[in-house]
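Colleague: I'm new to reading protein models. Could you walk me through a few features, one at a time?

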Amino acid sequence: MIKNISDRFLALILLLILFPFLLIICLWLWIGLWENPFFVQERVGKNGRHFRIIKLKTLAEKPGSRMQQVLSFLRVTHIDELPQLINILTGSMSLVGPRPHTPEHVAQYMPWQRERLAVKPGITCLRQLKNPYEKIEFSEGIEDDIRYVREWNLWLDIGIVAQTAYVFVKLILRKF
């Protein structure tokens, strides 16, 4: 219950603080791409429940877009993930938890991998912090997710949020 309340409280505060920034990015994407700035996709959450994840669009439908650098920046810095704060407010996600997979990925899980569905998916997680600049093996990520499920405590979440903030600032500074 504490996790749920703190998630929603922090998501609301972050949305209020970041709203002007997100509004500017959305307008910039809409004007630059002449497309909806949001990407919505079905994902699988806690206990196998399906929900629609919200992200900023980082792939142009029209190839050769002059916005490619901006889109790449949003993707690499994970700014495209910020609209998922809305998913937290609606209760389908958490700040910290395994990243949600698509139904197609979940359909291919081995029985032991389903344990990662015991908690709400998150915007950030252990495996993202392992090596935020490179992709890791799918099975290694699942193992990290299951370790998170088994070892969860409030201090673990606080540590992951703090590390995520540090990595985010580092990513932004690397791009400038």
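Modeller: Sure! Let's begin with a term: helices and strands are DSSP runs, numbered from the N terminus. Keep in mind that this model is predicted.

Colleague: Okay. Where is Gly48 found?

Modeller: Gly48 sits in the loop that links strand 1 (38–44) and strand 2 (50–56).

Colleague: And is Gly48 buried or exposed?

Modeller: In between! Buried means under 20% relative accessible area and exposed means over 50%. Gly48 has a relative accessible area of 28%, so Gly48 counts as partly exposed. Here's one more thing about that glycine: its C-alpha atom and that of Thr102 are separated by 11 Å, and the two residues are 54 apart along the chain.

Colleague: How do I read two packed helices?

Modeller: You describe them by the angle between their axes and the distance between those axes. Here, the axes of helix 1 and helix 2 (residues 68–76) come within 11 Å and cross at roughly 145°. Ile25, Trp28, Leu29 and Leu33 of helix 1 make the contact with Val70, Leu71 and Leu74 of helix 2. The crossing of helix 1 past helix 2 is left-handed.

Colleague: What about surface patches? Which residues make the nonpolar one?

Modeller: For nonpolar patches, look for residues with over 30% relative accessible area. This patch covers about 710 Å² and is made by Phe9, Leu10, Leu12, Ile13, Leu14, Leu16, Ile17 and Leu89. Helix 1 (residues 2–33) gives the most, with seven residues.

Colleague: And where does Leu89 lie?

Modeller: Leu89 is in helix 3 (residues 84–90). Its relative accessible area is 31%, so Leu89 is partly exposed.

Conventions
Residues numbered from 1 in each chain as written. Predicted model: local features only at pLDDT ≥ 70, side-chain atom pairs only at ≥ 80, totals over all residues. Heavy atoms only, no water. Patch = residues over 30% accessible without salt bridge, like charges linked within 9 Å, V, L, I, M, F, W, Y side chains within 5 Å. Areas by Shrake-Rupley, 256 points an atom, 1.4 Å probe, with all protein chains shown as cover. Salt bridge = Lys/Arg side-chain N within 4 Å of Asp/Glu carboxyl O. Helix = DSSP H or I, 4+ residues; strand = E, 2+ residues; numbered from the N terminus. Buried < 20%, exposed > 50% of the residue type's maximum accessible area, 1.4 Å probe, protein only. Axes fitted to C-alpha atoms, helices over the stretch in contact; angles between N-to-C directions. Left-handed = near helix turned anticlockwise from the far one by under 90°. Contact = heavy atoms within 4.5 Å.
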